[in-house]
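Please look through the structure below before reading on. The paragraphs that follow go from single pairs of residues to the chain as a whole.

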Amino acid sequence: MKRKHNNSFEFIDNKILDKLNKKDKERLFKYRRVRRDIIKLDNDIDELNNVIKSKKEKVNRYNE
């Protein structure tokens, strides 16, 4: 997910932001919060995958 939407709606000029109606601004801010959470979760998953890989390698070494 983070790779698909790397910088979507991240840097919107204030002039454009001021022209948005209240509902659209709320949606934009909600999207940004959710996107930030998704990126954090993706990073956590990557870290956990690395831990799993490391542990699997350790098990393989013990099995040899």
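Asp44 and Lys40 both belong to helix 2 and sit four residues apart, which is about one turn of the helix. The model is a predicted one, and in it Asp44 forms a salt bridge with Lys40. The closest N and O atoms of this pair are 3.3 Å apart. How exposed is Asp44? Its relative accessible area is 28%, so Asp44 is partly exposed; the class of partly exposed residues runs between the 20% limit for buried and the 50% limit for exposed.

The structure holds two salt bridges. Besides the pair just described, Arg27 forms a salt bridge with Asp24. Here the closest N and O atoms are 3.7 Å apart. Arg27 and Asp24 are also both in helix 2, three residues apart, again about one turn of the helix. Asp24 has a relative accessibility of 30% and therefore counts as partly exposed.

Lys25 is another residue of helix 2. With which residues is Lys25 in contact, once its neighbours within four places in sequence are left aside? They are Leu17, Asp18 and Leu20. The relative accessible area of Lys25 is 25%, so this residue is partly exposed.

Arg32 also has its place in helix 2, which covers residues 22–63. Is Arg32 buried or exposed? Arg32 counts as buried because its relative accessibility is 17%, and buried means under 20%. When neighbours within four places in sequence are set aside, Arg32 is in contact with Phe9, Glu10, Phe11 and Ile12.

Now take the chain as a whole. Its secondary structure consists of two helices and zero strands. The chain has 64 residues, and 9% of them count as buried; Arg32 is one residue that counts as buried. The chain exposes about 6,100 Å². Of that area, carbon and sulfur atoms supply 53%.

To go back over helix 2: this element holds Asp44 and Lys40, as well as Arg27 and Asp24. Lys25 is found there too, and so is Arg32. Among these residues, Asp44, Asp24 and Lys25 are partly exposed, whereas Arg32 is buried.

Technical notes: Residues numbered from 1 in each chain as written. Predicted model: local features only at pLDDT ≥ 70, side-chain atom pairs only at ≥ 80, totals over all residues. Heavy atoms only, no water. Buried < 20%, exposed > 50% of the residue type's maximum accessible area, 1.4 Å probe, protein only. Contact = heavy atoms within 4.5 Å. Areas by Shrake-Rupley, 256 points an atom, 1.4 Å probe, with all protein chains shown as cover. Salt bridge = Lys/Arg side-chain N within 4 Å of Asp/Glu carboxyl O.
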